[in-house]
Amino acid sequence: MKVLMTGVAAAALAGAGLTFLPHFQMLGGAAAEAANEPASDRALAEPPDGGEVAIAASEPVDLSATPLTVSLDGETVPHPVWHHLVMPGETIALASNLPLSIEMNGEMLAQDADMADWTAPDTPGTHRLVMTDAAGRTVEVSVFVLAPLGEEEILEGYRIGTYPADAPEGLIRLTEADMDAPVSPNFTIGQFICKQQPGHWPKFLLVSPTMLTRLEALLASMQAEGLTEASSFFVMSGYRTPFYNTAIGSARFSRHMYGDAADIYPDVVGGDGVMDDLDGDGRITRADAEYLYDYAESLYTADPAMPEGGIGAYSANAVHGPFVHIDGRGHAARWGRNG
Ligand SMILES: [Ca+2]
């Protein structure tokens, strides 16, 4: 493991965005809300009659009023709990707008640092990166060092099959002990494993940041509006190996094979394995899936920053109840919504 430290370099944050992350801002409470006020607008406003702009005397800097922003390999970490994928031996570049203490697997990697590198070991596995700023705010990232896929159709006895296109470079190698590793604030990696070979370990899978961004936004909005008390969605189907995807007769290029799709529903009432009665008619039917579909559709459409993807509504059949498919394929796709 190589650790490389550099000094303060705010320039590295260019483009990372200091005003983008509502979840980080929420962590700071009232102080962070105050930070959202465009106080600097006054100073930047066009002065009357071309006169000079009066700038208020500086006050003591309260770091907790500054939203904490962290990027990994140039990608802004969008939530205080997130994940990152890396190939064996590759180096992750970490940058922050504030000095952090940085721990990997409980060992101090750097202190008072706003930049650090971490080189992944040569063996696949799950690592826990925790960054803490001076105000005590944390960003926690599950770092998955991937198992290279190559031409293999079976990895350690787990059937992968053959990707019809865009085969990933590697897959997350998940042991039973790492099932609870978080991938976002309200989802763990174990929720997305493929249903094949239930007793077999390790398992192999992928998750995508766009899919998780869409799931978290949907859950947060439904919670905020009191539409669900669920702390997470039930993921009926997350990642599928190409082998499993073919076996169940799913679409040839299904986004599930890339960890970029999840068939989900909120299930609080009864924890009975079927979605909750979202439309309140006392029954669990296709109308509840369509309610969730419509809700997701209007939520995603209203947010231009939301990554594009698919939404599909599904009826109950003999083996499952109604559900909604959400993916992050990069362009809008809609199906299953009748009338
Ligand atoms: Ca209903």
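The following exchange goes through strand and helix assignments in this predicted model.

User: What makes strand β17 "mostly covered"?
Analyst: A residue is called buried if 20 or more other C-beta atoms lie within 10 Å of its own. In β17, residues 261-265, 4 of the 5 residues are buried.

User: How do you know that β17 pairs with strand β16, and in which sense?
Analyst: Pairing requires at least two bridges found by DSSP. Between β16 (residues 234-237) and β17 there are 3 bridges, in the antiparallel sense, so the two count as paired. Within this pair, S237 stands opposite D263 of β17.

User: What makes β17 and β19 a pair?
Analyst: The cut-off of at least two bridges applies here too. β17 and β19 (residues 323-327) are joined over 4 bridges, again antiparallel, and therefore qualify. D263 stands opposite H325 in β19.

User: Where does the "Peptidase M15A C-terminal" label come from, and which residues does it take in?
Analyst: That domain name comes from an unreviewed UniProt entry, which lists residues 233-265. In the model, the end C-alpha atoms of that span lie 6 Å apart, and the span is 18% helix and 27% strand.

User: How do you know that the length of helix α6 agrees with what is expected?
Analyst: α6 has 17 residues (286-302), which at 1.5 Å a residue should span 24 Å; the end C-alpha atoms are 24 Å apart, so the two values agree.

User: Which residues of α6 are buried, and what covers them?
Analyst: D288, A289, E290, Y291, L292, Y293, A296 and Y300 are buried. Their cover includes α4 (209-224), β17, β18 (310-314) and β19.

Technical notes:
Residues are numbered from 1 along each chain as its sequence is written. This is a predicted model: local features need pLDDT of at least 70, side-chain atom pairs count only at pLDDT 80 or more; totals for chains, interfaces and linings use all residues. A residue is buried if 20 or more other C-beta atoms lie within 10 Å of its own, exposed if 12 or fewer, and partly exposed in between; C-beta atoms are placed from the backbone. UniProt positions are given in the numbering used here, feature names are shortened, and annotations may be inferred rather than shown by experiment. The expected span of a helix is 1.5 Å times one less than its number of residues. Two residues are in contact if their C-beta atoms, placed from the backbone, lie within 7 Å.
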